[in-house]
Amino acid sequence: MSTLKRSRRAVLLGTLAALALGATACSSSASSSNPLGGGPNATASGAGAADGSGTGGTVVVGSANFPENVLLGSIYSQALKAKGVKVDEKFNIGSREVLYGQLQSGNLTVLPEYNGALLAYLDAKNTAVTTQDVNAALTKALPSSLAILDSSPAEDKDSLSVTQETADKYNLKSVSDLAAKAGEFTIGGPPEFKSRREQQFKDVYGLTFKEWKPTADTTANALKDGGIQVGNVFTTDPKIVQYKLVPLTDPKNVFGAQNITPLVNKAGVDATATAALNAVSAKLDTAGLTGLMKRVSIDKEDPSTVAKDWLKANGLA
């Protein structure tokens, strides 16, 4: 996993330093309030070119330099092309600081973003955690030249995960269900996970675990091998599919929203481009993205091919 991906995931654990967009880190209502006018499903206004670019030029889709974001960029790009939009791809660029500046300048038009991490970057003190509240705060925090479109239900965020065997044995579906067994379970995660989350789990869910282990990048493997019973695994980690892990739902939102959300330069997109990107968001969910990431990260398939297959399967190609 890249250091950029780790930086973004640190944000999810409550840290905001100089953050990189990428980094090696479903809700029931995942549609953003459209900042371009109208209701939640309204399309961008004020950009009139028929080719999908508000200036009559090419829509430039960018991405950070980690596999998931490249895959998402390819999905956006191919979805736009399928609607006749002229597209240029600029993937693997780098950090959020660079990407955000490029979007503001108009050198990029569209980026796949993570709404919670983006809000933390723009407003480190904001405490919004639900998709609706995060997107409302983002709409206020973004400059007038930029906008978020509809968020997808897909989230790349922290989870407490267990094996399928453990979930079935103890009827575990949500973090709340751990209360009766936490005292018998060892939990694993990044070295800083205990200091950042132990008290929060006690206060919010009444959980007191038997032991905390610093498992870092080996957390999913430790779950599979039985070294721990609960692990902090990110929801689109392909090992969830590979090892048949079960991310427990988080009804009290200890882990804030991280919905995948198109961030756009408003002058560069019209109604056609906006509708194409919103259609992707409507179809993209966490389980589906995790399966796609298995193909990219574990099976080593080309991201553009994986993106093409997903778009065809969802009637967007």
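**Note on burial, helix packing and backbone in the model**

1. Thr219 has a relative accessibility of 2%, so this residue counts as buried. The model discussed here is a predicted one. Thr219 is placed in helix 8, which covers residues 219–225. Beyond its neighbours within four places in sequence, Thr219 is in contact with two glycines, Gly188 and Gly189. The other partners of Thr219 under that rule are Ile228, Gly231, Asn232 and Val233.

2. The largest nonpolar core has 51 residues, and within it Leu71 and Leu80 touch the most other members. Helix 2 (residues 67–82) supplies the largest share of this core, with six residues. A further core lies apart from this one and holds 20 residues, including Ala182, Phe209, Val246 and Phe255.

3. Which residues does Leu71 contact, leaving aside its neighbours within four places in sequence? The partners are Leu289, Leu292, Met293, Val296, Pro303, Val306 and Ala307. Of these, Leu289, Leu292, Met293 and Val296 also appear on the helix 11 side of the contact with helix 2, and Pro303 belongs to helix 12 (residues 303–313).

4. The packing of helix 2 comes next. Two packed helices are described by the angle between their axes and by the distance between the axes. For helix 2 and helix 11 (residues 286–298) the angle is about 110°, and the axes are 10 Å apart. An angle from 65 to 115 degrees counts as roughly perpendicular, and helix 2 and helix 11 are therefore roughly perpendicular to each other. Their crossing is right-handed. Helix 2 contributes Pro67, Glu68, Leu71, Leu72 and Ile75 to the contact, while helix 11 contributes Leu289, Leu292, Met293, Val296 and Ser297. By type, the residues of this contact are eight nonpolar, one polar and one charged.

5. Helix 2 also packs against helix 10 (residues 271–283), here at an angle of about 130° and with the axes 9 Å apart. Roughly perpendicular ends at 115 degrees and roughly antiparallel applies over 145, so helix 2 and helix 10 count as oblique to each other. The crossing of helix 2 and helix 10 is right-handed. On the helix 2 side the contact is made by Ile75, Tyr76, Ala79 and Leu80, and on the helix 10 side by Ala273, Ala276, Leu277 and Val280. The residues of the contact between helix 2 and helix 10 are eight nonpolar, with no polar and no charged residue. Ile75 of helix 2 is listed in this contact and also in the contact with helix 11.

6. Pro303, in helix 12, brings distant parts of the sequence together. Pro303 and Ser74 are 229 residues apart along the chain, and their C-alpha atoms are separated by 7.1 Å. Not counting residues up to four places away in sequence, Pro303 touches Val70, Leu71, Ser74 and Val296. Val296 is one of the helix 11 residues in contact with helix 2.

7. Is helix 4 (residues 115–122) largely enclosed by the rest of the structure or largely open? Six of its eight residues are buried, so helix 4 is largely enclosed. The buried residues of helix 4 are Asn115, Gly116, Ala117, Leu118, Leu119 and Ala120.

8. Gln102 lies in helix 3 (residues 96–105). Its relative accessibility is 29%, and Gln102 therefore counts as partly exposed, the class between under 20% and over 50%. Outside its neighbours within four places in sequence, Gln102 is in contact with Asn107 and Leu108. Gln102 and Asn265 are 163 residues apart in sequence, with 9.8 Å between their C-alpha atoms.

9. Two residues may be worth a look for their backbone. Asn171 has a phi near 55°, which is a positive value in a residue other than glycine. Asn171 sits in the loop between helix 6 (164–170) and strand 6 (186–189), and at 54% relative accessibility Asn171 counts as exposed. Lys244, likewise not a glycine, has a positive phi of about 55°. The loop that holds Lys244 runs between helix 9 (239–242) and strand 9 (245–247). Lys244 counts as exposed, with a relative accessibility of 61%.

Technical notes:
Residues numbered from 1 in each chain as written. Predicted model: local features only at pLDDT ≥ 70, side-chain atom pairs only at ≥ 80, totals over all residues. Heavy atoms only, no water. Core = buried A, V, L, I, M, F, W, Y, C linked by side-chain atoms within 4.5 Å. Buried < 20%, exposed > 50% of the residue type's maximum accessible area, 1.4 Å probe, protein only. Helix = DSSP H or I, 4+ residues; strand = E, 2+ residues; numbered from the N terminus. Contact = heavy atoms within 4.5 Å. Axes fitted to C-alpha atoms, helices over the stretch in contact; angles between N-to-C directions. Parallel < 35°, antiparallel > 145°, perpendicular 65-115°, else oblique. Left-handed = near helix turned anticlockwise from the far one by under 90°. Nonpolar A, V, L, I, M, F, W, Y, C, P; charged D, E, K, R; others polar.
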